[in-house]
Amino acid sequence: MSHRLFAKKIKIFLFFFLGVLFFEKTILLSQVYGEEKASLPLDSRHQVIQDALDYQEELDDIVQHKRAETPPPPFDPRAVISEDDLLPDRLPQFLPDEFSANPRTVLDRDEVVREALNEVEIGLETYAISYREPGLMKDQGILSGLYGSYTYRTRDNQQIQSFKDAWRDRFKINKFMAEGRLARGKVDYESDDSGTLDGLPYYTFELRGLLAYEMPMIPSGCITPYFGVGFRYLKDDSGGKTTTTGHWSYDRESRYIYIPIGLEITKQLKNKWSVGLTCEYDIFLFGKQKSHLEDGGAWILDDGQYYALDTLENDQEEGFGLRGSLKIMRQHEKWDFVFEPFVRYWSLKDSLLAQWTSLSGSVLWYSDPAYRYPIYGYEPENHTTEYGFRLGVNY
């Protein structure tokens, strides 16, 4: 990849990220300006955390106030506090009834907060895929598979109560996410020049690591800009087959490395329902396309010998991706049900050229006996669209 192209992609990344931060603050401030109090965060897990925090603060205030009125007794190092001392009838009499009724809430607070900050989501996804090389060919079919994600939060969301609060935790990342998915299925090949071929196996998987800045938004919502790094792999396993016009096919492998930058906006609805909208732009960093031309058999050269073509490897430098989804969740006591329609899109320019070779590169291919015109291969401009839905559980 040229230094100029790499610098251009870095500038796009910085510009987009700063735009996301500005958009986030603009929405957030428009919601909180003039408000005296904020609503609770989005989800029931955050409600548990907030209740535990409020509970602890009230208890600390009561204890401090009582100590100010009554000096504590001398400390006895020989005293032993048993679990029975924590029963409601043994608690100090100045505590209100609601505290005495459930002292375990304070004791288990750390565990409750720790569990609520982390999330695991797993499920199934199915989607239609369309791969097109304009003017040349297209693949269309259905893929299905599994997906999963793990979310770790370093701290809970902070409620926004004033204009000043909006800048209190500026640029602090508080959410880490690891995501993965894999799918398989079959597609049908169609080309005006080389005929058709049905039932070609497709395999794909994707891995992503994301960093996010999660903040509450009034009323009862959350806005989260994020960025990270992603890897996408796809294999077209069609080698050894021939089309309706007698053209041979070959296996193809695609590898993408990219930077996802996105924004997620979530909103708590009534009756334990919530909805989340995600929009993402993917900066394409680098790609490698492998075309296994050896699957096409032997060719003959002017010297009368037969040679099989080597795998053709083309570097890809220009492209971008887009994706969006609408996540609908129904909260339950132990887990949440997830339904998420989505769309994913990739657009890549022509790859760099690579010369045809045989015998691991020791034989080079030319189109003329004088060896003046090398035979080059490349991956043409292409567009991939995926649209489908996910069904899963979050806990």
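This report describes the nonpolar cores and salt bridges of a predicted model.

Local features require pLDDT of at least 70 and side-chain atom pairs count only at pLDDT 80 or more, whereas totals for chains, interfaces and linings use all residues. Residues are numbered from 1 along each chain as its sequence is written, and side-chain values use heavy atoms, without hydrogens and water.

The largest nonpolar core (buried Ala, Val, Leu, Ile, Met, Phe, Trp, Tyr and Cys residues joined through side-chain atoms within 4.5 Å) contains 13 residues. Strands S1 (119–133), S2 (137–153), S3 (175–191) and S4 (195–212) each give two or more residues to this core; strands are DSSP runs (E, at least two residues), numbered from the N terminus. A second, separate core of eight residues includes Leu293, Leu309, Ala354 and Trp356.

The whole structure holds 25 salt bridges, defined by a side-chain nitrogen of Lys or Arg within 4 Å of a carboxyl oxygen of Asp or Glu. Three of these pairs are tabulated below.

| Salt bridge | N to O distance |
|---|---|
| Glu379 and Arg252 | 3.0 Å |
| Glu280 and Arg323 | 3.3 Å |
| Arg372 and Asp368 | 3.2 Å |

Glu280 lies in strand S8 (residues 273–291) and Arg323 in strand S12 (residues 319–331), so their salt bridge ties together parts 43 residues apart in sequence. Buried denotes under 20% relative accessible area, exposed over 50%, and partly exposed in between (1.4 Å probe, protein chains only). Glu379 is buried at 4%, as is Arg252 at 9%. Arg372 is exposed at 58%, whereas Asp368 is buried at 11%.

Key. Helix = DSSP H or I, 4+ residues; strand = E, 2+ residues; numbered from the N terminus.
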